[in-house]
Amino acid sequence: IVAFANVRGGVILLGVSDDGKIVGNVLTNDLKAKINDLARNCKPGISVRAAQSGKVVVLEVQEGTEKPYSCGDGYFRRLNGTTQKLSPAELRFMFRENDPMPFEERKVKDFLGSVSTAKIYAFFKEAGIKIPKMSADDFLRSLRVADDKGVNLAGILFFANAGQMQRFIPQAQMSLIAFKGTDRVHIFDRRDVRDDLLTQFKEAINFIEKHLNVRSEIKGLDRADIYEIPLAALREAVVNALMHRDYSITGTQVSVDIFDNRVEITNPGGLPIGLPRKSFGTVSVRRNELIADLFSRLHKVERAGTGIQRMKEVLAAAGLKAPEFETDGFFRTVFFRSPEFAKATSRQSGGSQKSSQKSSQKIIKHIAQRPEITIDELAAKLRISSRAVKKHLSNLKKGGRIQRIGPDKGGHWKISAHDG
């Protein structure tokens, strides 16, 4: 009974032998009382429905709402047709998964002084919010990520500096890996991001843009970049991974893996409790309500929970195969790349040298407009990685076209008279 209550429920047949033969049983009042007594003595008590069906007695056990359940012999679950005793690690996970206090709402005392003002301003900018005349403490309280008892973990994930966030939530990180081929063997580019969730989102999109094929189309007077997998679908998958991951599982991270034939975006935690597999994509159940709200304020996600459907629609409009989803304790979204797009892009490309020259010209243009511009800001404007921007800047300095005045922080760029 507890094994079924700890998973998705099930049915017990009384009157069937182990070899599948019907030997029969009768649901008497005495048997019904014994069954109810057994179920009530589970911890917590379990409601069981008993009925006679032909020659057998059918006991229907619903999935419990107060997991984990135990009996006198311990904690059990039903898996692959067998009843298994939960290991200590499995039991800890089940307690954590069913904790009435969500992980994101747990408080860290005396943390308000460690909140990053720079990250608060970055949030204002991304959300398009005019900087209000209020203290950082009041702003965090308005977002429901802080109160008189401290800052909750959702607030730390967005507004703590990288070092402090790693101290309290070391598993809040992201790995970005590009593989050569279709297997997880040869890595040719990797980036590990240990920073706030907005930074993780931006770094992931920059990394994806860097490693996808792209072609340009001229529409009227405008030039449009078209990626082999629509960025709208990939952005949706990345923000879903950050928004729905189980942050309580230590030793894990969100992963973006790029192969020659596919892109996989993976987050710890399967489907949230209360969302059956058959309802996936049509019903919205958010594991992290506060984190979802903050991403909504940043205009990265719709609150209606239509992300999966939008992904499918965007890919269908581009003539691409629908993504595949795996929910085996981790949630994985798989996008398939197009070999035909890569060939067409190769034919249409003006060459890497020409592309590099254009990027350098754009960098000089942005420096002319704002000499104090940072590498990360240039990467965001050019939609390339920070590493690629550093390479362009190094080449421009070697060529005498720009120079750095002052330190990395607080200094500025100067363009040579020739380029000026």
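Partly exposed means a relative accessible area between the limits for buried, under 20%, and exposed, over 50%. Keep these cut-offs at hand. The model is predicted.

**Exercise 1. Find which elements have the lowest and the highest mean pLDDT.**

Solution. Start with the whole protein. Its mean pLDDT is 85. Of its residues, 87% reach 70 or more. Now go element by element. Helix 12, residues 339–348, has the lowest mean, 63. Strand 14, residues 254–258, has the highest, 97.

**Exercise 2. Classify Glu 372 and Arg 370 as buried, partly exposed or exposed, and find what joins their side chains.**

Solution. Take Glu 372 first. Its relative accessible area is 42%. That lies between the two cut-offs, so Glu 372 is partly exposed. Next comes Arg 370. It has 33% relative accessibility and also counts as partly exposed. Now look at the contact. The two side chains meet in a salt bridge, with N to O at 3.5 Å. Elsewhere, salt bridges with shared partners build one network. Its members are Arg 184, Asp 257, Arg 262, Glu 264, Glu 326 and Arg 332. The structure holds 26 salt bridges.

**Exercise 3. Describe the salt bridge of Arg 190 and how exposed its two residues are.**

Solution. Find the partner of Arg 190. It is Asp 192. The closest N and O atoms are 3.3 Å apart. Then check exposure. Arg 190 has a relative accessible area of 41%, so it is partly exposed. Asp 192, at 32%, is partly exposed too.

**Exercise 4. Explain how Lys 34 and Asp 30 are placed relative to each other in helix 2.**

Solution. Begin with the spacing. The two residues are four apart in helix 2, residues 29–40. Recall the rule: an α-helix has 3.6 residues a turn, so residues three or four places apart point the same way. Lys 34 and Asp 30 are therefore separated by about one helical turn. Their side chains meet in a salt bridge at 3.5 Å, N to O.

**Exercise 5. Work out the span of helix 8, how covered it is, and which residue caps it.**

Solution. Count residues. Helix 8, residues 197–211, has 15. Compare spans. From first C-alpha to last, the helix reaches 21 Å, close to the 21 Å expected at 1.5 Å a residue. Check burial. Of the 15 residues, 12 are buried, and helix 8 is mostly covered. Among the buried ones are Leu 198, Phe 201, Ile 205 and Phe 207, but also Gln 200, Glu 203 and Glu 209. Last, look at the N-terminal end. Asp 196 caps it, with a side-chain oxygen 3.1 Å from the backbone nitrogen of Leu 198.

**Exercise 6. Find which residues touch the most other members of the largest nonpolar core.**

Solution. The core has 67 residues. Phe 159, Phe 295 and Phe 335 touch the most other members. Helix 9, residues 231–244, gives the most to this core, with nine residues. There is also a second, separate core of 16 residues, including Phe 4, Leu 31, Val 61 and Phe 76. Now zoom in on Phe 159. Leave aside its neighbours within four places in sequence. Its contacts then include Val 115, Ile 120, Phe 123, Phe 139 and Leu 143, along with Ser 116 and Lys 119.

**Exercise 7. Decide whether Leu 290 is buried or exposed, and name residues it touches.**

Solution. Locate the residue. Leu 290 sits in helix 10, residues 289–297. Apply the cut-off. At 4% relative accessibility, Leu 290 is under 20%, so it is buried. Look beyond four places in sequence. Leu 290 touches Glu 104, Glu 105, Arg 144, Asn 152 and Ala 154. Finally, compare with Leu 143. The two leucines are 147 residues apart along the chain, yet their C-alpha atoms are separated by 8.5 Å.

**Exercise 8. Locate the cis peptide bonds before Pro 44 and Pro 68, and the positive phi values of Arg 144 and His 299.**

Solution. Recall the background. Most residues other than glycine have a negative phi, and most peptide bonds are trans. Now the cis bonds. One joins Lys 43 and Pro 44, with omega about -15 degrees. Pro 44 lies in the loop between helix 2 and strand 2. Another joins Lys 67 and Pro 68, with omega about 0 degrees. Pro 68 is in the loop between strand 3 and strand 4. Then phi. Arg 144 has a value near 65 degrees, and its loop runs between helix 5 and strand 8. His 299 has phi near 65 degrees. Its loop links helix 10 and helix 11. His 299 is exposed, at 59% relative accessible area.

Methods. Residues numbered from 1 in each chain as written. Predicted model: local features only at pLDDT ≥ 70, side-chain atom pairs only at ≥ 80, totals over all residues. Heavy atoms only, no water. pLDDT = per-residue confidence, 0-100. Core = buried A, V, L, I, M, F, W, Y, C linked by side-chain atoms within 4.5 Å. Buried < 20%, exposed > 50% of the residue type's maximum accessible area, 1.4 Å probe, protein only. Contact = heavy atoms within 4.5 Å. Expected span 1.5 Å × (residues − 1). Polar contact = N/O pair within 3.5 Å; in protein donor to acceptor, adjacent residues only side chain to side chain. Salt bridge = Lys/Arg side-chain N within 4 Å of Asp/Glu carboxyl O.
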